[in-house]
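Let's take a friendly walk through the open and enclosed spaces of this protein. Have the model in front of you as you read.

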Amino acid sequence: MFLSVTRYCLHQISLPLIALLMLASAATAQVDTIDQQHVKLNTAYLRPGIRQYLVYFQIPRQPQLLYLSLWVRQIEKTTLHNQPAFRISQQWYSQDSTRYASFTSYNSVKDFSPLYHAAVRGKELTAYNWSATSLSGDTTAGNKAAGFRLDFSQPNYNWHLDIETFEMLPLAAGKTFVIRFYDAGLEPPKYVTYKVTGSEVLQTLDNKNVDCWKLFIEGESPQAGHYEQTFWISKSNHELLKEEDSYGGMFRYKIKLPGFTQELGKRFKTE
């Protein structure tokens, strides 16, 4: 509307009126602040079960090589500290056993507030108790983060569960979200901006067409420089079906695998 007015009638509009129109346009922008004190996540969208993602890296200057891994994420409903909780476990597999990693997270069923997060990479364990006011190292034996503590000025969400978080957003055309995220043990929490840049129909199994929202973020990383990420989330079922990232001269893709994909954990021998 504003562009149409300025294109045909700019010579008839005074500068004060233009300023008012610009302010009105900014006021109607759909920006949602996503945290426990403003717009909350809709946890009804988060369904228990196993999700598996094929994750692969493409380096354009190496046309005969791909780096592949499989991420398994399992969501269960349970309790922690006598309150309903989601237990989300992750296992990251690749062709190199030294790169295997596992993660266990607990979040409130009420609003997805983090309660606990642990990571195992190689032989190193880091485990944290998470509340609305602080993150502190757990007392588990061998925890490398046992002495860690960071106080918060307000609650936040676990950035390591970004896939699950995006599936609970009130996605719609033109929306912008600022989400208060924190990656346990790293830099302090901050608001991160994600924008719905449009929609796209993905073709899945049996030539089925699935209409998806496209959620986008870009920024600067000290390690990789400029980065961009796009997430495709189905409009009907709130499933993250695809992700495409670019940074450091390479691309990373995540593709959600169909439900009939073999559950690897049942066949591994842990003895």
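Which residues lie nearest the centre of the largest pocket? They are Trp-159, His-160, Asp-183, Leu-186 and Arg-252, part of a lining of 44 residues. Keep in mind that this is a predicted model.

The largest pocket holds about 1600 Å³ of space. Strand S3, which runs over residues 66–80, gives the most to its lining, with five residues. Sorted by class, the lining of this pocket has 22 nonpolar, nine polar and 13 charged residues.

Now turn to the second largest pocket, with a volume of about 620 Å³. Its lining counts 22 residues, and Thr-204, Leu-241, Lys-256, Leu-257 and Pro-258 lie nearest the centre. Four strands each give two or more residues to this lining: S2 (49–58), S12 (190–203), S15 (240–247) and S16 (250–256). The largest share, three residues, comes from S2.

There is also one cavity of 30 Å³ or more. The residues that line the largest cavity are Gln-36, Ser-113, Pro-114, Trp-130, Ser-131, Ala-132, Pro-155 and Asn-156. The volume of this cavity is about 30 Å³.

Here are the linings by residue class:

| Space | Nonpolar | Polar | Charged |
|---|---|---|---|
| Largest pocket | 22 residues | nine residues | 13 residues |
| Second largest pocket | eight residues | eight residues | six residues |
| Largest cavity | four residues | four residues | no residues |

When you look at the cavity in the model, note that its lining has no charged residues, whereas the lining of the second largest pocket has six.

Terms used
Residues are numbered from 1 along each chain as its sequence is written. This is a predicted model: local features need pLDDT of at least 70, side-chain atom pairs count only at pLDDT 80 or more; totals for chains, interfaces and linings use all residues. Side-chain values use heavy atoms; hydrogens and water are left out. On a 1 Å grid over the protein atoms alone, a cavity is a set of points where a 1.4 Å probe fits but cannot get out, and a pocket is an open set with protein on both sides within 12 Å along at least five of seven lines; lining residues have an atom within 4 Å of a point. Grid points are joined across faces, edges and corners, and a volume is the space filled by probe spheres set on the points. Ala, Val, Leu, Ile, Met, Phe, Trp, Tyr, Cys and Pro count as nonpolar, Asp, Glu, Lys and Arg as charged, and the others, Gly among them, as polar.
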